[in-house]
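Trainee: I should like to go through this structure with you, asking at each step what supports the wording.

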Amino acid sequence: MQAVMAGLVSAVVGYASSFTVVLAGLRAIGATPGQAASGLLALCCGIGATAIFLGLRYRMPISIAWSTPGAALLLATGPVPGGFPAAVGAFVVCAALIVLAGLSPWPARAIAAIPRPIASAMLAGVILSLCTAPVRAVVDVPLLAVPVVLTWAVLQRYVRQWAVPGALVVAVVAIAVHGTGGGLSSATLRPAVELTVPTLSLSALVSIAVPLFLVTLAAQNVPGMAVMSTYGYAPPLRPLLVTTGLASAVAAPFGGHALNLAAITAALTAGPDTHPDPGRRWIATVALGAGQLALGLGAGLAMALVLLSPPVLVTAVAGLALLSALGSSLAGAVTEPEGREAAVVTFVVTASGMTILSIGAAFWGLVAGGLTALLLHRRPAPVKADQERHEVAEQRT
């Protein structure tokens, strides 16, 4: 039950924290409201089916998410020649590129070369802003946030595994009591499914397909694998890329832009708070998949509930859930003196939240940390090495 609750919390938090970006991105490239809702449903179903399959297949907490940086890229790109059908065609091409990346060995080799302190620092930088959200929520919406934080604190003291679920329940109750506008009464559970026949456009391929592929691989799949490694898991990357690429191809005609490995929700499902036994944490990702399926089928109700809530309150629940992950990742980043500077650089760049070439700060943090590690790495001088060998030989004599 502990792992199941962690997975359900991850599903709700992952959905609520970024579904508005997905809808805005799809609308920006020409989708109608019905097509955008269909895309959100397709992504939820794709996440659910893929997470359940991979969790059962590999018995690891492999979390799947939609590409939030990819949705932000769509929002920045805007309309393309050929309209939404051309954008859907670009989604299909992006999915094919992800599958091809899974069929080649270089992505797995690149990720395996990431040092553990740098990977831990990257995770800490990713979740830092979320972990400060409870403080901002207490200041901005004290009537809603204070009961949530107090509930979390009390349960953290006595029944730690129920602290985050209890805080989530209190948040939902607070939203229902203080929400206005009759949003829940007008919500509908009827799924919205619209099929769009994809078309190929050179402009859409250049402006959407290739950047979306690079953003999804660099800003989502690479950090996702790095997060998994910080908790001692080493799932095979290439089959995961093939699986998420095929799932993205299925979701594309219904408006879904891209699926990938999750980073933030991976920290929620793969950490020690999910289950004391690392071999049982895969249950959380199966529960996450089931929760995403439910959220997709009941998108109207879930959307109305989240829209009634101040965005900072939803983010605050995620921040409370990630506090332990922040502590463990910071410890893993700075425990070893060697490479500590590179880990600090990784953390600072990632926490900055900068975006360059439509690629998020998590990727650039890894790049900066890796370059710092190479710059500061010093080999022993030949003279000193010869002197050490001479001293060892004298001692043996």
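Mentor: Let us begin with a term: buried means under 20% relative accessible area, exposed over 50%, and partly exposed in between, with a 1.4 Å probe and protein chains only. The model is predicted; local features need pLDDT of at least 70 and side-chain atom pairs pLDDT 80 or more, whereas totals for chains, interfaces and linings use all residues. Residues are numbered from 1 along each chain as its sequence is written, and side-chain values use heavy atoms, without hydrogens and water.

Trainee: Why is Gln292 called buried?

Mentor: The relative accessible area of Gln292 is 4%, and the limit is under 20%; therefore Gln292 is buried. Gln292 belongs to helix α13 (residues 282-297); helices (H or I, at least four residues) and strands (E, at least two) are DSSP runs numbered from the N terminus.

Trainee: Which residues is Gln292 in contact with, leaving aside neighbours within four places in sequence?

Mentor: They are Ala11, Tyr15, Cys44, Ile47 and Gly48, where contact means heavy atoms within 4.5 Å.

Trainee: How do you know that Cys44 is in no disulfide?

Mentor: A disulfide is a pair of cysteine sulfur atoms within 2.5 Å. A search of the whole structure finds zero such pairs. For Cys44, the nearest cysteine sulfur is that of Cys45, 6.8 Å away, so the criterion is not met. Cys44 is also buried, because its relative accessibility is 0%; Cys94, at 1%, counts as buried as well.

Trainee: What puts the buried residues of α3 on the same side?

Mentor: The buried residues of helix α3 (residues 68-77) are Gly70, Ala71, Leu73 and Leu74. They cover an arc of only 155° around the axis, so they lie on the same side of α3; the arc is that of the directions from the helix axis to the C-beta atoms. An α-helix has 3.6 residues a turn, so residues three or four places apart point the same way.

Trainee: What makes Ser67 a cap of α3?

Mentor: At the N-terminal end of α3, a side-chain oxygen of Ser67 lies 3.0 Å from the backbone nitrogen of Gly70. A polar contact is a pair of N or O atoms within 3.5 Å; within protein, one must be able to donate a hydrogen and the other to accept it, and residues adjacent in sequence count only if both atoms are side-chain atoms. After α3 comes Gly78, with a positive phi near 80°.

Trainee: Which residue has a side-chain polar atom 3.4 Å from the backbone nitrogen of Ser67?

Mentor: That residue is Asn260, in strand β2 (residues 259-261). Asn260 is buried, because its relative accessibility is 0%. Its contacts beyond four places in sequence include Trp66, Ser67, Thr216 and Thr244.

Trainee: Why is a group of residues called a nonpolar core?

Mentor: The name applies because its members are buried Ala, Val, Leu, Ile, Met, Phe, Trp, Tyr and Cys residues joined through side-chain atoms within 4.5 Å. The largest core has 100 residues, and Leu26, Trp66 and Phe91 have the most contacts inside it. Helix α10 (residues 202-230) gives the largest share, 13 residues. A second, separate core of five residues includes Trp282 and Val286.

Trainee: How confident is the predictor in the protein chain?

Mentor: The mean pLDDT is 82, and 86% of the residues reach 70 or more; pLDDT is the predictor's confidence in each residue, from 0 to 100. Among the elements, helix α18 (residues 382-396) has the lowest mean, 58, and helix α11 (residues 237-251) the highest, 94.
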